[in-house]
Every structure is written in C-alpha cells, then in structure tokens.
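This report walks through one protein model, from its overall make-up to single residues. Have the sequence and the coordinates open as you read.

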Amino acid sequence: MSNLQKTAYFLMVIVFGAIVLKEGAFILVPLVWGVFFAFALYPISRWFENKRIPRGMAIILSILLITIFAFSIFYLLLNQMVGLIREIPEIGENLEMKLHRYSDELSLILGKEWLNPNHNQDILAVITPENFQSTLFETGKSLALAGVIPLYSFLFLYYKDFFTEFLFRLSKDNKDELILWVENSGQVIQSYLAGIIRVTGIVAVLCGLFFLAIGVKYFLLFAVFLAIMNLIPYVGVVISSFFVILYVFLTTDSLFYPLVTGFTLWGIQLLENNIITPLVVGSKVKVNALAVILAILLGGWLWGISGMVLFIPLVGVLKITLSRNESLHPFAYLLGDEVPVTELNENFLKILGRKMKKKNPNPHN
C-alpha cells in the first residue's frame, strides 16, 4: 500500500469518525459519562463488596451516596438561585440605567457619533423569551440524558468481569499488554475525576470566602458556578468571571468592587493553574497545552459542554493507546507534555539562575 493510499484511508477514518461522534452524540455522550462515573465509583463499590455486600446492592449504595451528596449541594443553592431569578428585572433596569449613564459620559468625551443610538436596545435584546425557552429546552434535554448515566454506570460496574473476559478473548496473545493498558487508562480517568473534584471544592471555597468578604449577596451560588465552569480549562473561567464581574458591577455603586473582583478571580485562576492543580491532580494526564486547547475546541464542536470536559482525559487515554504501537508512537509524543523549547539566545531568567548558582555553589554547606 502506497503512502498516498495510507493518507487517504487515515483522512477517511477521521472524517467518518467525526460524523459518527457528531451524529451519535445523543447516545455516545451519556455512554462515555457512564464509563467515567463507573471508574470513579469503582473504589466505593469495591469497598462495599469487601464488606460482603452483594455487587448489585453495593453499586446501588455507591450511586445513592453520590446522588444524595449532589442533591444536598443543589438544595443549598436552590434558595439563592430563586432569589437571583427574582432580581433579574431589577438587574436589567440597573444595566439599562448604567449603560445610559456611561454612554452619556463617553459621548461628552468622544462625541455623540461614537455610539449607535440603538446600541443599548440591541444589548438588552440579547435576553429574549425565545432564548430563555431554548435554554430551558436544552436544559431539559441534558437532564433527560443525565438520567440515563446512572443506569450505564450500574451496568458497566455490574458486568465488569464480563467486559474483562471479552477483552481477553479479543486479544489472546497480548493479555499482559492489554491489562497494562486498561490499568493505565483507568488510572488516568480516576485520577482526573478525583483531582478535578478536589480542585473544584478548593476553588469554590476560595471564591466563596472572597465574595462573602466583599458582601456579594449570592456568594455561594457564584462560588459554585465559578468552580464548576473552571472544569472547562481556559474557556470556562473567562465566561464565568465575566458574568460574576457584571453582577458585581450592576449591584454596586463603585467601579472599585468589579475591578477588585476581576483581579482576585485572575489571581485565584493563576493559583489554581500553577499550584493547586499540579499538586492535587498530579501529572497523570500528561498532555501539552496545545493538545488540551484543541481537545476543548473539538469536544465542544462535537459534544458541547460535555465534550469540553470529557475530551481532556480521552486525549490522555488516546496518548497511552498510541504509545503502545511503535508506528504510532510519534503521535503519542505529539500529544505529550515533554515539549523541548530551543531559544535563539539565552533568556534573562536562565542567566539570572546561572549567576545565582555561581554565587551559592553549595547552599547547604
């Protein structure tokens, strides 16, 4: 087979694979979420099984524990959500009033022609009953899909021995490699899910304490909203921060609070990216930043918000799979985080570090 034919087959597989993922999202998204939650629930279910509880009951108890925990958090947020919804008309009036005030002030400086007279109405027209109904429909659809996920998780955990035997029969000659691949992939998924849950909790606490300190009325709701949106790297925090800063801007009379909120959320994001996530999540998902961004964009295009979250660990699993094949190993390297950087000239940080080493060659002596 010529290289041209191989390239053509490769492109055909990519195109048809994208079509299947896009058109089959209604089936595949809850299925993949079910696999992920099955890996996450497995340690709890195994603990119950070790206590001589039947597997089916152990899995049900595990799902019930997680469900009770999730509904407890939702119940705590419910009152704040209802209060925020009731204040939407007042917030809209504040938005219109402040837009008029600031546009009048800017028109004195820049001239009246700088702003379209209908600009304010265009901004307010973004929130329409049609958009609200569409949002409710998509939310209902997501809730319907979410109802299938526990069933998938239960079946995957209950039939785990059945699926293991299937994999063994599928690969009789490479059982050891298959077991290693399954273990590594499971570790990637488990560590990623456990890590992001811890990071979400830490970010929620930090944001909640800050919002409480500056007197934000719905501090708990906004803290959880920011923490959950933070699950979408790079993109989620920008979107969530915009809405929170806008709320602070509309509910305060000074620009000081929105500015402080913006700088504080930026500082929390830097702390989370550079200290919290590396310590808590670790380096199990060893994927470079470029691959992560492409995974987010591709996942969002194919599966929406679920894809933006799921495709990051899936890329980690893909990297493990590619590294098992000698001919595909370069593609695994392309996804990895071992990225060499060769600069034309030695930068000032390296020069400073070298000089510091010369001054203190043996700092412990």
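The secondary structure comes to 14 helices and zero strands. Along the sequence the pattern is therefore α repeated, one symbol for each helix as the program assigns them. The model is a predicted one.

**Overall figures**

The protein has 365 residues, and buried residues make up 30% of them. Its accessible surface comes to about 24800 Å². Carbon and sulfur atoms hold 69% of that surface. Among contacts with a separation of 6 or more, 65% join residues 24 or more positions apart.

**The cavity**

How many cavities of 30 Å³ or more does the structure hold? It holds one. The largest cavity has about 60 Å³ of space. Its lining consists of Val-203, Cys-207, Leu-226, Asn-230, Val-237, Ser-241, Leu-265, Ile-268, Gln-269 and Glu-272. By class, six of these residues are nonpolar, three are polar and one is charged.

Helices H8 (175-214), H10 (236-251) and H11 (256-280) each supply at least two residues of this lining. Which helix gives the most? H11 does, with four residues.

**Aromatic residues**

The count of aromatic pairs comes to 14. One of them joins Phe-222 and Tyr-247. Their ring centres lie 4.7 Å apart, and the planes meet at 40°. The pair counts as tilted, because that angle is neither under 30 nor over 60 degrees. Phe-222 sits in helix H9 (residues 219-229), while Tyr-247 sits in helix H10. The two are 25 residues apart, so the pair links distant parts of the chain. Phe-222 is buried, with a relative accessible area of 7%. Tyr-247 is also buried, at 7% relative accessibility.

Elsewhere, one aromatic cluster is formed by Tyr-152, Phe-154, Phe-156, Tyr-158, Tyr-159, Phe-162 and Phe-163. Helix H6 covers residues 129-158.

**Single residues, buried and exposed**

Ser-45 lies in helix H2 (residues 25-50). Is Ser-45 buried or exposed? Its relative accessibility is 2%, so it counts as buried. Leaving aside residues up to four places away in sequence, Ser-45 touches Ala-58, Ile-59 and Ser-62. Helix H3 spans 55-86.

Arg-52 has its place in the loop between H2 and H3. Its phi is positive, about 65°, although Arg-52 is not a glycine. Arg-52 counts as exposed because its relative accessibility is 78%, and the cut-off for exposed is over 50%.

Gly-147 belongs to helix H6. This glycine is exposed, with a relative accessible area of 53%. Which separations hold between Gly-147 and Pro-30? They are 117 residues apart in sequence and 8.8 Å apart in space, C-alpha to C-alpha.

The table gathers the accessibility values.

| Residue | Relative accessibility | Class |
|---|---|---|
| Ser-45 | 2% | buried |
| Phe-222 | 7% | buried |
| Tyr-247 | 7% | buried |
| Gly-147 | 53% | exposed |
| Arg-52 | 78% | exposed |

Terms used:
Residues numbered from 1 in each chain as written. Predicted model: local features only at pLDDT ≥ 70, side-chain atom pairs only at ≥ 80, totals over all residues. Heavy atoms only, no water. Buried < 20%, exposed > 50% of the residue type's maximum accessible area, 1.4 Å probe, protein only. Contact = heavy atoms within 4.5 Å. 1 Å grid on protein atoms, 1.4 Å probe; cavity = no way out; pocket = protein on both sides within 12 Å on 5 of 7 lines; lining within 4 Å. Points joined across faces, edges and corners; volume = space filled by probe spheres on them. Nonpolar A, V, L, I, M, F, W, Y, C, P; charged D, E, K, R; others polar. Phe/Tyr/Trp six-rings, centres within 6.5 Å; stacked < 30°, edge-to-face > 60°. Areas by Shrake-Rupley, 256 points an atom, 1.4 Å probe, with all protein chains shown as cover.
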